[in-house]
Every structure is written in structure tokens, then in C-alpha cells.
Amino acid sequence: MEKGKIQTVLGPINPDELGLTLCHEHLSMKFDVAFVPPTNPKYKAYEEAELTLENIGWIRQNPLSSKVNINLNDAESAMLYDVHEYKKCGGCTMVENSTIGLNRDMDFVIRVARETGVNVIAGTGYYVADSLPSSLISRSEEDLVKEMASDLTKGVNGSDVKCGVIGEIGCTWPLHG
Ligand SMILES: [Zn+2]
């Protein structure tokens, strides 16, 4: 990290280039860890259903019981459009908080930054224990710290694309130990 600079996925920028900034966004995310099955079997079919006029009222009342609603994976039509609209309205920067466990997708994050001209700052870290594979849970605290430091200072997964913040970090109570 360069001292006094903001680290975006396309490289460092000066603080005065941040402009209007959204500090907690998710451009692409799998949030299956939060899924709550419908309690009433009558609505079981809504678990996997696309949003329609028929089910939208129920999904608004039960947002975590719709897998379509909790997963942000409509990259082509929805997310790029939204970020272009944000730019048109004066938006300059977004912080992408989809960390490991939320299916961080750095290729898509880089694409959003390139195609929209919005600065995107990616987060490093880990979401709640239930969202993580057992191979990750069994790693040492020091190993996880090293991985986050590497994401911030060297690059993610052997690339030279660096994260600029730590977060979001997912915690539950009691804390997983
Ligand atoms: Zn979040």
C-alpha cells in the first residue's frame, strides 16, 4: 500500500479523487448462509422462484426465504446498469465488502471498475464461520492474518490486484473459536 493513497482494484488514487463514496456495497455475492426456509409449506415453491408480481409481496415480507433475493448474481443486466446509474448521478467510489464466505468475485469487481469508471475498493477478510469451508476454519489465526496482509500489500490469489480495506468481517455470538 502506498502511504497517503487509497488502494482501488485498478491501482492507488489520491484521497481527493474519492468523491461521493458508498462505503458498504455488494456487487456480486452469495448469501446462502442467511437463507431461512419458509415456515409455511404452502410457500415452499417460492424458495427457488424468480421474482414475480405473484410472489413479490411474500418475498418482501420474507426476504431471507428467497434464494433469488439473497444472491446478487445478475451481473450483466442489473449490477452494471446500477453502477452506471450511480456514476451518472455523481457517484465516484464504492467499497465492495463481499469477502471470503460471501463469494468474493474479484474478476467481476475489476470489470465493474473498468466499464463504469467508478473507483472500486475491495475488502479482504472472512464472513461468519458457517459461510466458510472447514479447510479454512482449520487454518491458524496467524495464517489468516498473513493472507489478509498479502491481499492488501501484494495482491489477491497471486495477482497484483490489491484490496484496500479489511471488511466485512462476519461475527456471530458466541464467537466461533
Ligand atoms: Zn455487507
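The following paragraphs lead through the structure, from its overall form to its metal site, its core and its pockets.

The model is a predicted one. The chain has 177 residues, and 41% of them count as buried. Along its principal axes, the C-alpha trace extends over about 55 × 45 × 25 Å. Its secondary structure consists of six helices and six strands. From the beginning of the sequence to its end, these elements follow the order β-β-β-α-α-α-β-α-β-α-α-β.

A zinc ion provides a convenient place to begin. Which residues of the protein act as its donors? They are His-24 and His-26, each through its NE2 atom, and Glu-168 through OE. These donors lie 2.0 to 2.1 Å from the zinc ion. In sequence, the spacing of the donor residues is H-x1-H-x141-E. Thus one residue stands between the two histidines, while 141 residues stand between the second histidine and the glutamate. The two histidines may also be considered by their accessibility. His-24 has a relative accessibility of 43% and therefore counts as partly exposed, because that class covers values between 20% and 50%. His-26 has a relative accessible area of 17%, and it is buried because this value is under 20%.

The interior of the protein comes next. The largest nonpolar core contains 20 residues, and those with the most contacts inside it are Val-9, Leu-27, Val-83, Val-112 and Val-120. Helix 3, helix 4 (106-116) and strand 5 (119-124) are the elements that give two or more residues to this core. The greatest contribution is that of helix 4, with six residues.

Helix 4 deserves a further look. Which of its residues are buried? They are Met-106, Phe-108, Val-109, Ile-110, Val-112, Ala-113 and Thr-116. A general property of helices is useful when viewing such a list: an α-helix has 3.6 residues a turn, so residues three or four places apart point the same way. After helix 4 comes Gly-117, which has a positive phi near 80 degrees.

The pockets remain to be described. The largest pocket has a volume of about 440 Å³. Its lining is made up of 19 residues, and Ala-129, Leu-132, Leu-144, Gly-170 and His-176 are those nearest its centre. Helix 5 (134-137) and helix 6 (141-153) each provide at least two residues of this lining. Helix 6 gives the most, with three residues. Sorted by class, the lining of the largest pocket comprises 12 nonpolar, five polar and two charged residues.

The second largest pocket has a volume of about 280 Å³. It is lined by 16 residues, of which Asn-71, Leu-72, Asn-73, Asp-74 and Ala-78 lie nearest the centre. The elements giving two or more residues to this lining are helix 2 (67-70) and helix 3 (75-88). Helix 3 gives the most, with four residues. By class, eight residues of this lining are nonpolar, four are polar and four are charged.

Where does the second largest pocket lie with respect to domain 1 and domain 2? Domain 1 consists of residues 6-31 and 72-166, whereas domain 2 covers residues 33-70. Both domains give residues to the lining of the second largest pocket, and therefore this pocket lies between them. Helix 3 thus appears in two settings: it gives two or more residues to the largest nonpolar core, and it gives four residues to the lining of the second largest pocket.

Definitions and conventions. Residues numbered from 1 in each chain as written. Predicted model: local features only at pLDDT ≥ 70, side-chain atom pairs only at ≥ 80, totals over all residues. Heavy atoms only, no water. Donors = N, O, S within 2.8 Å, 3.2 Å for Na, K, Ca; no water. Buried < 20%, exposed > 50% of the residue type's maximum accessible area, 1.4 Å probe, protein only. 1 Å grid on protein atoms, 1.4 Å probe; cavity = no way out; pocket = protein on both sides within 12 Å on 5 of 7 lines; lining within 4 Å. Points joined across faces, edges and corners; volume = space filled by probe spheres on them. Nonpolar A, V, L, I, M, F, W, Y, C, P; charged D, E, K, R; others polar. Domains from an automatic or database assignment. Core = buried A, V, L, I, M, F, W, Y, C linked by side-chain atoms within 4.5 Å.
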